[in-house]
Amino acid sequence: EQTIPVIMEGRDLIGCAQTGTGKTAAYTLPLLERLLREGNPDNVVRSLIVVPTRELALQVAKQAEVLMEGTGLNIAVLYGGVGYHAQREQLRKGAHLVIGTPGRILDHLLRGTLSLDNLRALVFDEADRMLSIGFYPDMKQVQRYLPKRRIYTSLFSATYPHHVLNLAREFMLNPCLLSLSQKQV
């Protein structure tokens, strides 16, 4: 509830809340609202949600599909461990929202099957993992493909170690910090 107005204003956001509190809906609902309000006649990627695992990519996509039903918006889900053909087809048909893991997103960027030129919003789900040693190099490579203009960025996680907050500043501009976890930060 507290994140939606911040996201709708287009402000960068760091959201911290315990698992199971609705973080996926907290960023998906306003992203979808912005996509519907702005329109997208060219069916180009406007929003990118980056997650650490295939399982989470599929889970977020399932929730987004339920929320997007009947809107005419399209999703592409990109993750490793499977062939490229089906994912290429999703992108070719036009995806307004892409949900994926860093490695596979980077693969599609390098192959030229994914363009972020029209991106308006970037979300890191489980940001504590996305900005950890294992994913940080891939995220910095993906960052090179982001538009040079300002894009709205949000990070969501259950915890934020100090080093993650420092690294987050490399992707954000004056983020609003909402800590909704009483015991874990």
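Tutor: Welcome! In this predicted model, let us begin with a definition: a residue is buried when its relative accessible area is under 20%, exposed when that area is over 50%, and partly exposed in between.

Student: Why is Arg34 called buried?

Tutor: The relative accessibility of Arg34 is 13%. The cut-off for buried is under 20%, so Arg34 counts as buried.

Student: Where is Arg34, and what does Arg34 touch?

Tutor: Arg34 belongs to helix H2, residues 23-38. Setting aside neighbours within four places in sequence, Arg34 is in contact with Ile7, Met8, Glu9 and Gly10.

Student: What makes Glu89 partly exposed?

Tutor: Compare the value with the limits again. Glu89 has a relative accessible area of 26%, and partly exposed is the class between under 20% and over 50%, so Glu89 is partly exposed. You will find Glu89 in helix H4, residues 85-93.

Student: What does H4 pack on?

Tutor: Before that, picture the sheet. Its 7 strands follow the order S3-S4-S2-S5-S6-S1-S7, the pairing is parallel, and the sheet is open. From one strand to the next, the twist averages 15°. H4 packs on this sheet, touching S3 and strand S4 (97-100), and the direction of H4 makes about 150° with that of S3.

Student: Why do S3 and S7 stand at the edges?

Tutor: S3 and strand S7 (176-179) each have a single partner strand, so one side of each is left without a neighbour in the sheet.

Student: How do you know that S1 and S7 pair?

Tutor: Two strands pair if there are at least two bridges between them. S1 and S7 are joined by 4 bridges, so they meet that cut-off, and they run parallel. Cys16, for instance, stands opposite Ser179 in S7.

Student: What makes a group of residues a nonpolar core?

Tutor: Its members must be buried residues of certain kinds, such as Val, Leu and Phe, joined through side-chain atoms within 4.5 Å. Here the largest such core has 34 residues, and those with the most contacts inside it are Val98, Leu114, Leu116 and Phe124. Elements that each supply at least two residues include strand S1 (13-16), strand S5 (121-125) and helix H8 (162-168). H8 gives the largest share, 4 residues.

Student: Which residues does Phe124 touch?

Tutor: Not counting residues up to four places away in sequence, Phe124 touches Val50, Met130, Leu131, Met139, Ser154, Leu155, Phe156 and Phe171. There is also a second, separate core of 28 residues, which includes Leu13, Val51, Met68 and Phe156.

Methods. Residues numbered from 1 in each chain as written. Predicted model: local features only at pLDDT ≥ 70, side-chain atom pairs only at ≥ 80, totals over all residues. Heavy atoms only, no water. Buried < 20%, exposed > 50% of the residue type's maximum accessible area, 1.4 Å probe, protein only. Contact = heavy atoms within 4.5 Å. Axes fitted to C-alpha atoms, helices over the stretch in contact; angles between N-to-C directions.
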